[in-house]
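Me: I would like to go through a protein model feature by feature. Please give the general idea each time, then the case at hand.

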Amino acid sequence: DLSEILSLHDFEAVARHTMNRRGWNYYSSGADDEITMRENNTAYQRIWFRPRILRDVTKVDFSTEILGHKSSMPVYITATALGKLGHPEGEVVLTRAAHEHGIIQMIPTLASCGFDEMVDAAAPGQVQFLQLYVNADKSRTKKIIEHAGKRGVKALFITVDAPQLGRREKDMRTKFEGNASSHQTKGGDKVQRDAGAARAISSFIDPSLSWKDIPFLKECAGDMKIILKGVQSWEDAVLAAERGCDGVVLSNHGGRQLDTAPAGITILPEVVAALNQRGLLVPPGKPRFEIMVDGGVRRATDVLKAVALGATAVGVGRPFLYSMSTYGFEGVCHMLQILKDEFEMNMRLIGAPTLTDVVPSMVDISALKVPTVGNTMFGVNYETMYPAGV
Ligand code: HOC
């Protein structure tokens with residue numbers, strides 16, 4: 001019964017017991033020993049709030065803008081593949097729930113539903129972004145981008161953390177028998193069916209993609225913004241800003257690619273510092289370079305920590321799959337309402353009536369990066385990251 005679902009974790013618990021094995025294994029798997037997948041979640045537990053008191057929090061407003069587009073909260077639906085492994089209607093369920101709750105959906109390249117189907121399922125004026133795997137066949141990529149622009153997509157999120165598929169052993173144990181259809185995989189790509197769903201849909205990926213391709217992608221994108229999704233170091237965030245991208249997502253692909261890659265939230269402070277030091281975060285006369293984070297977010301408190309440290313918004317992935325797979329549209333709406341309730345309560349408790357009140361000094365990150373051998377170059381120094389009394 002949906003009324004017994006009190007948190008995003010609850011959806012996962014139900015999904016584990018009710019989803020078919022292929023779907024569950026594909027959605028829930030992480031790379032190798034799943035260390036990064038777990039770290040995505042536990043990293044948030046090493047950040048502590050520094051709540052403020054005696055502020056009038058009668059009214060709390062957690063609405064925001066992501067890349068210039070309104071969102072009811074600093075959360076968007078990030079791209080996840082093969083929605084029909086969990087629900088017969090697939091990703092259009094998420095499109096409808098995104099509209100119902102005023103948030104933005106990122107359309108996945110490797111969705112079960114076709115791209116146009118997801119655009120058609122959107123309400124008039126509903127903002128959608130597109131996640132893109134760049135195909136080795138550049139003319140195909142160009143066509144996809146141009147088509148997306150014509151259909152009103154506002155931003156392209158280029159996945160950059162997957163020159164090759166990570167090894168997800170749980171997924172590999174289930175043979176893929178479904179239909180790998182999506183607008184990207186149609187057209188005769190070889191589909192390998194003997195080692196998991198991910199292997200079956202990833203054969204077209206282009207490992208030669210490099211910084212040299214950014215001008216081409218920007219040119220194809222026209223008015224659409226370009227975001228690099230899967231940045232895992234401050235150096236690459238700086239390069240992205242220098243090469244004219246509009247933002248980055250600090251992401252490790254839900255812990256599904258390189259195991260022991262860092263959680264996005266753990267590198268957020270150094271990314272903010274590096275961009276700030278070079279004047280790239282708020283470039284004069286230009287829109288702010290936006291930093292988003294995804295992976296492991298299960299609570300509004302996680303989101304508020306990311307916002308405090310300088311993220312515009314966070315992407316949520318698996319919880320949407322689990323709520324959709326267990327209770328369909330109602331489940332996804334219930335999940336979004338849980339998040340909204342959590343925002344309202346926790347913003348009151350930290351003393352922040354609006355998101356602009358959620359500032360770096362509201363969190364203590366001294367335990368975020370536990371100094372270990374081989375990881376000493378960027379010990380977090382709170383004072384130098386966020387100076388001047390903020
Ligand atoms: C190398 C291509 O995002 C997943 C999806 C699809 C992966 C394709 C990776 O399973 O994480």
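Reply: What follows takes the chain as a whole, then the ligand, then single residues. This is a predicted model, in which local features need pLDDT of at least 70 and side-chain atom pairs count only at pLDDT 80 or more, while totals for chains, interfaces and linings use all residues. Residues are numbered from 1 along each chain as its sequence is written, and side-chain values use heavy atoms, with hydrogens and water left out.

Me: How many helices and strands does the chain have?
Reply: Helices (H or I, at least four residues) and strands (E, at least two) are DSSP runs, numbered from the N terminus. Here there are 14 helices and 12 strands.

Me: What share of the residues is buried?
Reply: Buried means under 20% relative accessible area, exposed over 50%, and partly exposed in between, with a 1.4 Å probe and protein chains only. Of the 390 residues in the chain, 58% are buried. As for area, computed by the Shrake-Rupley method with a 1.4 Å probe, and for residues with only the protein chains shown as cover, the chain exposes about 16600 Å². Carbon and sulfur atoms supply 52% of that.

Me: What do the contacts say about separation along the chain?
Reply: A contact means heavy atoms within 4.5 Å. Among contacts with a separation of 6 or more, 74% are between residues 24 or more positions apart. Val238, in helix H10 (residues 234–242), gives a local case: leaving aside neighbours within four places in sequence, Val238 is in contact with Ala274, Leu275, Arg278 and Leu280. The C-alpha atoms of Val238 and Arg278 are 8.3 Å apart, with their positions 40 residues apart along the chain. Val238 counts as buried because its relative accessible area is 6%.

Me: Where does the ligand sit?
Reply: On a 1 Å grid over the protein atoms alone, a pocket is an open set of points with protein on both sides within 12 Å along at least five of seven lines, whereas in a cavity a 1.4 Å probe fits but cannot get out; lining residues have an atom within 4 Å of a point. A molecule sits in one if more than half of its atoms lie within 2 Å of its grid points. The ligand sits in the largest pocket.

Me: Which residues are around the ligand?
Reply: The criterion is a heavy atom within 4 Å. The residues include Tyr26, Tyr133, Arg168, His253 and Arg256. For polar contacts, the pair is N or O atoms within 3.5 Å; within protein, one must be able to donate a hydrogen and the other to accept it, and residues adjacent in sequence count only if both atoms are side-chain atoms. Polar side-chain atoms of Tyr133 and Arg168 each lie 2.7 Å from a ligand oxygen, and for Arg256 the distance is 2.8 Å. Taken alone, the ligand exposes 340 Å², of which the protein buries 94%.

Me: What is the sign of phi at His253?
Reply: Most residues other than glycine have a negative phi. His253 has a positive phi of about 65°. His253 lies in the loop between strand E9 (247–250) and helix H11 (264–277), and is buried because its relative accessible area is 13%.

Me: Is Asp32 buried or partly exposed?
Reply: Asp32 is partly exposed, since its relative accessibility is 37%. Its phi is positive too, near 45°, in the loop between helix H2 (21–28) and helix H3 (35–45).
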